[in-house]
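Welcome! Here is a short guided look at a structure that may be new to you. Please have the sequence and the 3D view open as you read.

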Amino acid sequence: MRRAVCPGSFDPVTNGHLDIIGRASRLFDEVIVGVLVNQSKQGLFTVEERIDMLREVTSSYDNVRVESFRGLLVDFCRAQHASVLIKGLRAVSDFDYELQMAQMNIGLAGVETLFMPTNPLYSFLSSSLVKDVAKWGGDISAHVPDVVREELVARLRR
């Protein structure tokens, strides 16, 4: 079985993330969306909330599942019996960082990294940018699924 991991913090998940997940789901028998638990960083949404949103917005993909992980990504890959990571690249600046990570991951555990260029519609998109725009009342409906927009707007009103 060809199994890949698509890792990230997904705080929140954007249409750019979903583009990469959907495209990966056509290439692999199973795609595991790995939500990083980073205890040194406080997210807007809890890990459980991010997982719930991801499960809802990826429910149309029969071969995608969502799990959380902490620690080394390669250890998560080993535990999931996945030998490939999927990483979306928006710009050259993403590549510089991701290449270093890819080289470390193959050295540590033989885990390959597949870089996917982001659809140009989403090349500027990041979770941080979406949160900033939503915080100031901007329209984010073109950038996130409706359920995520609703959750984000509700969270920022508190």
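## Two cysteines kept apart

Cysteine 77 is buried, because its relative accessibility is 0%. Please keep in mind from the start that this is a predicted model. Cysteine 6 counts as buried too, at 5% relative accessibility.

How many disulfides does the structure have? The count comes to zero. Cysteine 6 takes part in no disulfide, and the nearest cysteine sulfur, that of cysteine 77, is 11 Å away. Seen from the other end, the closest cysteine sulfur to that of cysteine 77 is in cysteine 6, and the 11 Å between them is too far for a bond. The cut-off here is 2.5 Å between the two sulfur atoms. As general background, a disulfide is a covalent bond that links the sulfur atoms of two cysteines.

## The sheet

Let us turn to the strands. Five of them form an open sheet with parallel pairing, in the order E3-E2-E1-E4-E5. At the edges are strand E3 (64-69) and strand E5 (112-117), each of which pairs on one side only. Neighbouring strands of the sheet are turned against each other by 30° on average, with direction ignored. In general, strands of a sheet pair through backbone hydrogen bonds, and the pairing is either parallel or antiparallel.

Strand E1 is a good place to look in detail. Five of the six residues of E1 are buried, so this strand is mostly covered. Strand E1 (residues 3-8) runs parallel to strand E2 (residues 30-36), and six bridges join the two. Cysteine 6 appears again here: its bridge partner in E2 is valine 33. Proline 7 has glycine 34 as its bridge partner in E2. E1 also pairs with E4 in the parallel sense, over two bridges. In that pairing, the bridge partner of alanine 4 in E4 is valine 84.

## Helix H1 across the strands

Helix H1 lies across E1, E2, E3, strand E4 (84-89) and E5, and runs at about 125° to E5. Together, E1, H1 and E2 make a right-handed β-α-β unit.

One residue to find in H1 is aspartate 19. Is aspartate 19 buried or exposed? Aspartate 19 counts as buried, because its relative accessibility is 15% and the limit for buried is under 20%. Leaving aside residues up to four places away in sequence, aspartate 19 touches Thr118, Asn119 and Tyr122.

## Salt bridges

How many salt bridges does the structure hold? There are 13 salt bridges, and a few of them are worth a visit.

Aspartate 19 has a part in one of these: its side chain meets that of arginine 23 in a salt bridge of 2.9 Å, N to O. Both residues lie in helix H1 (residues 15-27), where they are four residues apart, about one turn of the helix. Arginine 23 counts as partly exposed, because its relative accessibility is 21%, whereas aspartate 19 is buried, with a relative accessible area of 15%.

Another salt bridge joins glutamate 49 and arginine 155, whose closest N and O atoms are 2.6 Å apart. Glutamate 49 lies in helix H2 (residues 47-57) and arginine 155 in helix H6 (residues 146-157), so this pair ties together parts that are 106 residues apart in sequence. Glutamate 49 is partly exposed, with a relative accessible area of 26%, while arginine 155 counts as buried at 15% relative accessibility.

A further salt bridge is found between aspartate 94 and arginine 90, with the closest N and O atoms 3.1 Å apart. Aspartate 94 is buried, with a relative accessible area of 16%, and arginine 90 counts as partly exposed at 37% relative accessibility. Finally, Arg3, Glu30, Arg65 and Glu67 are joined into one network by salt bridges that share partners.

Key
Residues numbered from 1 in each chain as written. Predicted model: local features only at pLDDT ≥ 70, side-chain atom pairs only at ≥ 80, totals over all residues. Heavy atoms only, no water. Salt bridge = Lys/Arg side-chain N within 4 Å of Asp/Glu carboxyl O. Buried < 20%, exposed > 50% of the residue type's maximum accessible area, 1.4 Å probe, protein only. Pairing = 2+ DSSP bridges. Axes fitted to C-alpha atoms, helices over the stretch in contact; angles between N-to-C directions. Contact = heavy atoms within 4.5 Å. Right-handed = clockwise from strand over helix to strand, strands pointing away.
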